[in-house]
Amino acid sequence: MLKEIVSQYLWIAVGVSLILSILSIILALVSISSLSKIRKQNRRWKSIHSSADLEAVYEQTVLAVHKTEEEMKKLQKQMEFIEEGLHKKISTPRMVRYNAFGDLGNDLSYSVAFLDDEQNGVVISSIYGREESHTYGKPIQEGESQYTLTQEEKMVIQQVAAELSSDLRKPETVSR
């Protein structure tokens with residue numbers, strides 16, 4: 001009786017065994033392919049670092065990234081410090097020449113404005129005459145002076161202000 005049951009289901013058992021064998025072979029080929037890719041990747045990692053220890057390579061990469069980020073922060077602070085200092089430096093001196101006495105000479109008198117980006121600085125005027133010359137210096141705060149300014153001094157300050165307000169003078173800032 002056992003022989004009859006076994007012979008009756010023998011073809012089914014052989015078929016199932018055959019299907020399982022084919023699936024096992026396919027699974028083995030997929031595993032071999034995956035292992036080959038992993039080995040290839042490992043060889044690439046090995047060429048990056050001689051230890052071939054992926055954990056060590058990862059740790060070194062993380063440390064390098066942190067070090068780079070710290071350097072970037074330092075450079076950003078330095079750049080901000082330099083930009084702040086540049087705003088306080090005289091950047092656009094301008095001069096206006098004129099004849100201070102109308103018909104008695106040439107344009108030998110002048111006014112020069114030395115201002116920073118906040119329009120702080122000094123305006124210097126030299127009045128030239130045949131007999132004598134005078135030089136005046138007036139402090140400027142935010143484009144104004146506590147001393148009376150001549151028309152020429154106002155003009156040269158306005159020229160500097162126009163230069164400072166132009167878009168060509170203001171660099172784009174990078175934000176992070």
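Let me start with Glu 70, which at 43% relative accessibility counts as partly exposed, because the class called buried ends at 20% and the class called exposed begins over 50%. Please keep in mind throughout that what we are looking at is a predicted model.

Glu 70 has a partner, Lys 73, with which it forms a salt bridge whose closest N and O atoms are 3.9 Å apart. Both residues belong to helix 2, which covers residues 54–87, and they are three residues apart, about one turn of that helix. If you move along to Glu 71, you will find a salt bridge to Lys 74, again with 3.9 Å between the closest N and O atoms, and here too the two residues lie in helix 2, three residues apart, or about one turn. Glu 71 counts as partly exposed, because its relative accessibility is 37%.

The structure holds four salt bridges, and the other one I would like to show you involves Glu 153 and Lys 138, where the closest N and O atoms are 2.8 Å apart. This pair links distant parts of the chain, since Glu 153 sits in helix 3 and Lys 138 in strand 4, with their positions 15 residues apart in the sequence. Are these two partners buried or exposed? Glu 153 has 1% relative accessibility and therefore counts as buried, and Lys 138, with a relative accessible area of 12%, is buried as well.

Glu 153 brings us to helix 3 itself, which runs over residues 151–165, has 15 residues, and reaches 21 Å from its first C-alpha to its last, close to the 21 Å expected at 1.5 Å a residue. Its buried residues are Glu 153, Val 156, Ile 157, Val 160 and Leu 164. Looking down the axis of helix 3, you would see these buried residues fall within an arc of 100 degrees, so they line one face of the helix. What do they pack against? The buried residues of helix 3 pack against strand 1 (94–98), strand 2 (109–115), strand 3 (121–128) and strand 4 (133–140). On the face of helix 3 turned away from that buried side, you will find the exposed residues Gln 151 and Gln 158.

Let me now step back to the chain, which has three helices and four strands, arranged along the sequence in the pattern α-α-β-β-β-β-α. Of its 176 residues, 15% count as buried. If we take the contacts between residues at least 6 apart in sequence, 39% of them join residues at least 24 apart. The accessible surface of the chain comes to about 14,400 Å², and carbon and sulfur atoms account for 59% of it.

Finally, there is a nonpolar patch on the surface, which has about 1,200 Å² of accessible area together and is formed by residues including Met 1, Ile 5, Tyr 9, Ile 12, Val 16 and Leu 18, and also Ile 26 and Val 30. Where does Ile 26 lie? Ile 26 is in helix 1, which covers residues 2–48, and with a relative accessibility of 46% Ile 26 counts as partly exposed. Ile 26 could join such a patch because a patch is made of residues with over 30% relative accessible area and no salt bridge, with nonpolar side chains joined within 5 Å.

Key
Residues are numbered from 1 along each chain as its sequence is written. This is a predicted model: local features need pLDDT of at least 70, side-chain atom pairs count only at pLDDT 80 or more; totals for chains, interfaces and linings use all residues. Side-chain values use heavy atoms; hydrogens and water are left out. Patches are made of residues with over 30% relative accessible area and no salt bridge: like charges are joined within 9 Å, nonpolar side chains (Val, Leu, Ile, Met, Phe, Trp, Tyr) within 5 Å. Accessible areas come from the Shrake-Rupley method with a 1.4 Å probe; for residues, only the protein chains shown count as cover. A salt bridge is a side-chain nitrogen of Lys or Arg within 4 Å of a carboxyl oxygen of Asp or Glu. Buried means under 20% relative accessible area, exposed over 50%, partly exposed in between (1.4 Å probe, protein chains only). The expected span of a helix is 1.5 Å times one less than its number of residues. The arc is that of the directions from the helix axis to the C-beta atoms. Contact means heavy atoms within 4.5 Å.
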